[in-house]
Amino acid sequence: MRRTITRFAAILVLASTTAACTAEEPAAPAAGQDIPQPAVSTRGDTMDVTVAPAEALDVAVPGVGRLHGTAGSFTKAGTVRISSLRSDQPRNDLVVASDVGLDVSFVGTSLARPLQVIFDDPRAVALVPASAVPVALHRPASGVWEVRPLSRATNGTLVLETRDFSPNLLGWVPIPDWLRSVGDSFADFVTQRTDPRPCPKPAAPQWSSVVKGTTLVHLCSITNTDSIGVPRAEVQVQSNRRFLTWVHVPSGRDYVWVDGQPDALRSVLNRALSHDTDQVLLPGNGWFTAGYRQPSTAEQKQFNAYIDGYSAGLTVTLNLLGVSLSEGVFGAVVIMRKCVPSLLPKPTWDGGKEFVACLVQQTLSNLVDPGKAYAAAMDLYGESAYAKSAETTIKKSIERLRIFGKLMRILGVAGVITATFPQLPDLFSDWGEDHPGRFTLKLAAKPTTPTGPVPTTPGPRPSNPGPDTPPQNPRIELSQGGPAPKGSWYSVVLSGFAPGSSVTVTCRDSVDPGGFYNQTFTIGGDGRAADSTLCYSADGPDHWVTTGSAASNHVSWGGAPPPPPPTPPARIELARGGAAPHGSWYSVVLSGFAPGSSVTVTCRDSVDPGGFYNQTFTIGGDGRAADSTLCYSADGPDHWVTGGNQESNHVPW
């Protein structure tokens, strides 16, 4: 004998979603004051159907659909009595009970396996709104109605699989518009980019240049002159994402200015988010500037744009509360600060689910008292104006969080989170250990000031240079440097140029023979200058650089990108799992499937080769999915599963 487990995961779907997802734990039926308590009565005549253990059951129930059971569903021969139900269709703001349902009783027999109520009658199919979550309302012996999950067959039909046949009604959970907008806006966070701001004049000083190695930000460099006329190299950094992003600003800067964030506010915010003042928090499309003076020795200032648990958590919190950074940041930080450890040391998808559950459940109970919220804000900020702002945001958000919490009690935490934030895994997927948000400001050294007396009249130039005078024979040597964000760095050595002169070098390759990057060098006293990270390219095969008077050697690398590695074939592996209520669990691993796709897996054995249980998997970013307790069986000797046009290995027990 076997018993299949229906999992209540990701049952909350947005309006466009049609396939159910799976969660890690089975959800218990939700019951209580959030569930309507309808009164029901019999509709039409009661049907009596004779059943036997060796026979399958498939009975049409007018207005409802079908009652279905495989062979072996009954312990012995007897009668199944089926009554179609009507209800007074009560509803509340969270759950609606329909007028479609049935009650089943058993005479002379009992269930050995669950039966399926398949709601495929046109009347039932037309009831559930497309934007709502379908559920079943069940009234157990206690008389208090509860919500149970529905699954979807491969054709989209709603199915209730159960052994409990006191009354069951078709119902649904209307999803508030604001909750659907949460998922929509997260889609925008992941997919939308921003347009760069115009780069103002004057252009950056010749002794500075910017190497951009990231698409996370837009960059612009200009000259910013101080009060006594000394030029400074200013980098203007604009976010190219819609979510919150940190930017590390290297030391030695003359100033940092952040749009919409005065220094006092930024200091308080960074301290509350456990970051030092070298970090700038940019909202979507936000921007800041940083200025540097020309150094005595050449320097490279390394910036880095990145997301971490704090910026990810604040992005989620602000979106959930429906407020912008400027209007709600102080309240959002108070609400999220006890939950952010689940996103540390860096955000993950699993940590994101834990974070949202904590955000709604724990902080709601802790901050439902506005006075307590104000005290928590004062403890965090130590400033009454910031605490008052936080208290106002929390007051506005309490009712919204309450509704979200009720939905999670009804539908399950994993279901609400997974479907409300379907893009959350993508939000974190672009960041790894290689710091892809890096960009560099290069600052050339100030020209050397000669020491000793300066002759008022230049002396005669010797016809033959002495041993200390570098020869005037300009030359550039190019070699392939180390790995760059794309391709390889250009490593150059300039020699034989006039000491103290400025030489502009242009990077070229096969795709951009006219040049794609310029940098000006100040030549040293020995006639030389060098840079091992001048620019980079993956477009080949030819690479070279030029100045106004010299061209380098040509070096080959890159070219057409290598073909992608072959996609591993889709496959399903079955192993005998641990002991189940009857027989053993089916432990399955799916691999090689399209990331993000839905694959419905069917459990089969020697007694039911046509299949006795279906479950739909959502494939992860690595093309894999797994479940060690998919279904179970004691009927052998052969056991296997199928799904996605694949058949697993067969395992005997």
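**A mostly enclosed helix, four disulfides and some ring contacts**

Helix α5 is largely enclosed by the rest of the structure, because 10 of its 12 residues are buried. Bear in mind that this is a predicted model. Searching the whole structure turns up four disulfides and 14 aromatic pairs. Here's a quick tour, starting with that helix.

**Helix α5**

- α5 covers residues 325-336, and its end C-alpha atoms are only 14 Å apart, whereas a straight helix of 12 residues would span 16 Å at 1.5 Å a residue.
- If you want to find its buried residues, look for L325, G328, V329, F330, G331, A332, V333, V334, I335 and M336.

**Disulfides: the overall pattern**

- Count the bonded cysteines along the chain and the pairing reads 1-2, 3-4, 5-6, 7-8.
- Three of the four disulfides are picked out below.

**C199 and C220**

- C199 and C220 are joined by a disulfide, with 1.7 Å from S to S.
- This pair links distant parts of the chain: C199 sits in the loop between α2 (177-191) and β14 (208-212), while C220 is in strand β15 (residues 217-225), 21 residues apart.
- The torsion about the S-S bond is about 75°, so this disulfide is right-handed.
- How buried or exposed are the two ends? C199 has a relative accessible area of 44% and is partly exposed, whereas C220, at 10%, is buried.

**C507 and C535**

- Here the disulfide between C507 and C535 has an S to S distance of 2.1 Å.
- C507 belongs to strand β25 (residues 502-509) and C535 to the loop between β27 (529-531) and β28 (536-537), so the bond ties together parts that are 28 residues apart in sequence.
- With a torsion of about -110° around the S-S bond, the link is left-handed.
- C507 and C535 are buried.

**C603 and C631**

- C603 pairs with C631 in a disulfide, at 2.1 Å from S to S.
- Strand β33 (residues 598-605) holds C603, and C631 is in the loop between β35 (625-627) and β36 (632-633), so parts that are 28 residues apart in sequence get tied together.
- This link is left-handed, with -110° about the S-S bond.
- Both of its cysteines, C603 and C631, are buried.

**Aromatic contacts**

- Among the 14 aromatic pairs is F106 with F165: the ring centres are 6.2 Å apart and the planes at 80°, so the pair is edge-to-face.
- F106 comes from strand β7 (residues 96-107) and F165 from the loop between β12 (158-162) and β13 (168-173), which puts distant parts of the chain, 59 residues apart, in one pair.
- F106 counts as partly exposed at 26% relative accessibility, but F165 counts as buried at 7%.
- Another pair is F303 with F439, which is stacked, at 4.9 Å centre to centre and 10° between the planes.
- F303 in strand β21 (residues 299-306) and F439 in strand β22 (residues 438-443) are 136 residues apart, so to speak from distant parts of the chain.
- Both partners are on the inside list: F303 is buried, with a relative accessible area of 0%, and F439 is buried too, at 1%.
- F106 and F165 also belong to an aromatic cluster with F74.

**A charge over a ring**

- Which residue has its charged end over the ring of W287? That's R197, sitting 3.5 Å from the ring's centre.

Terms used. Residues are numbered from 1 along each chain as its sequence is written. This is a predicted model: local features need pLDDT of at least 70, side-chain atom pairs count only at pLDDT 80 or more; totals for chains, interfaces and linings use all residues. Side-chain values use heavy atoms; hydrogens and water are left out. Helices (H or I, at least four residues) and strands (E, at least two) are DSSP runs, numbered from the N terminus. The expected span of a helix is 1.5 Å times one less than its number of residues. Buried means under 20% relative accessible area, exposed over 50%, partly exposed in between (1.4 Å probe, protein chains only). A disulfide is a pair of cysteine sulfur atoms within 2.5 Å. Rings of Phe, Tyr and Trp (its six-membered ring) pair if their centres lie within 6.5 Å; planes under 30 degrees apart count as stacked, over 60 as edge-to-face and the rest as tilted. A charge sits over a ring if NZ of Lys or CZ of Arg is within 6 Å of the ring centre and within 35 degrees of the ring normal.
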